Amino acid sequence: MASVAVVQMRSSEDKQENLKKSIGYITEASAKKAGLVCFPEFQMAFSPKTQSPAELSKIAETVQGGFVSTLRSAARKNRIGVVATIYEKSKTTSRVFDTAVVVSPAGAITSVYRKLHLYDALGFKESKKLVAGKKIEKPAKTSAGKIGVMICYDLRFPELSRLLTVSGADILVAPSAWVAGPMKEEHWQTMLKARAIENGSYVVAPDQVGNIYSGRSMVVDPFGAVLLDMGQGEGMEVVELDMNKVKEVRQSLPLLKNRRTDIYRLSVR
């Protein structure tokens, strides 16, 4: 069994306030014997619509900056893995990357993923402030298992979760800041279940709550059963993941084996 802590957080515009809150959650997760704690997207700060790209860029840091360094120290002190998110400075533009960082219990950075799909949809234009990543990161080893990381809007593109799964991921971790709105919670729940079922993987999806976001952080098992739904409350929950369930589901429902990769590579006429 693997113990994973899920943080449902209401980030403020104050980076230091959010960092202090994050350290508290890391300490709490360790005390509850979790091996991994997962934070939502925009953990570093809430960026209101009125904030300019230049103003957001001032908040952003590199992966080696103080925000991540402090989280690494907290991970090392509490001997727990961390999946964190930051606004990462870009060397080529004033816009910033939406970046997830995986930290080991020893405080080492084991993966850095920059969000591929920007939320230019349903009245939003993330590309005004954010710049898209250009690389799919291979799954990272953690005490919970091999995790494949994606971020929020990435969930709407099943290609990414499939590529992470066939690359070895047993758990798909999706830090999110899911914007509330008509049918949005239904989309969220449906896609989390779909990504779990189609890949025979656990899906761990910590979400922002409050501000403009929907909450409902979830954990879904490889057969589509919802193990956690955090509703609208801010806080942290620990879920036990039975990693044997991944093997069992992939044997009884062998979707990965039944793929027709001999046909998929052909052009559709």
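**Strand E3, its partners, and two surface patches**

I would like to begin with the pairing of E3 and strand E4, residues 96-103, which run alongside each other in the antiparallel sense over eight bridges. Please keep in mind throughout that this is a predicted model. The connection between these two strands is a hairpin, in which six residues lead from E3 to E4.

On the parallel side, E3 pairs with strand E2, residues 36-38, over three bridges. One residue helps us to follow both pairings: Val83 of E3 is the bridge partner of Cys38, and Val83 also stands opposite Val102 in E4.

How many of the nine residues of strand E3 are buried? Eight of them are, and because of this the strand, which covers residues 81-89, is largely enclosed by the rest of the structure.

Let me now turn to the surface, beginning with charge. Lys135, Lys138, Lys141 and Lys146 together form a positive patch there. Of these, Lys146 lies in strand E7, residues 145-149, and Lys146 counts as partly exposed because its relative accessibility is 31%.

There is also a nonpolar patch on the surface, made up of Ile197, Phe223, Leu253 and Leu255, whose accessible area together comes to about 320 Å². Within this group, Phe223 is placed in the loop between strand E12, residues 218-220, and strand E13, residues 226-229. Is Phe223 buried or exposed? With a relative accessibility of 53%, and since exposed means over 50%, Phe223 counts as exposed.

Terms used. Residues are numbered from 1 along each chain as its sequence is written. This is a predicted model: local features need pLDDT of at least 70, side-chain atom pairs count only at pLDDT 80 or more; totals for chains, interfaces and linings use all residues. Side-chain values use heavy atoms; hydrogens and water are left out. Patches are made of residues with over 30% relative accessible area and no salt bridge: like charges are joined within 9 Å, nonpolar side chains (Val, Leu, Ile, Met, Phe, Trp, Tyr) within 5 Å. Accessible areas come from the Shrake-Rupley method with a 1.4 Å probe; for residues, only the protein chains shown count as cover. A salt bridge is a side-chain nitrogen of Lys or Arg within 4 Å of a carboxyl oxygen of Asp or Glu. Lys and Arg count as positive and Asp and Glu as negative; His and the chain ends are not counted. The place of a charge is taken as NZ of Lys, CZ of Arg, CG of Asp or CD of Glu. Helices (H or I, at least four residues) and strands (E, at least two) are DSSP runs, numbered from the N terminus. Buried means under 20% relative accessible area, exposed over 50%, partly exposed in between (1.4 Å probe, protein chains only). Two strands pair if DSSP finds at least two bridges between them.
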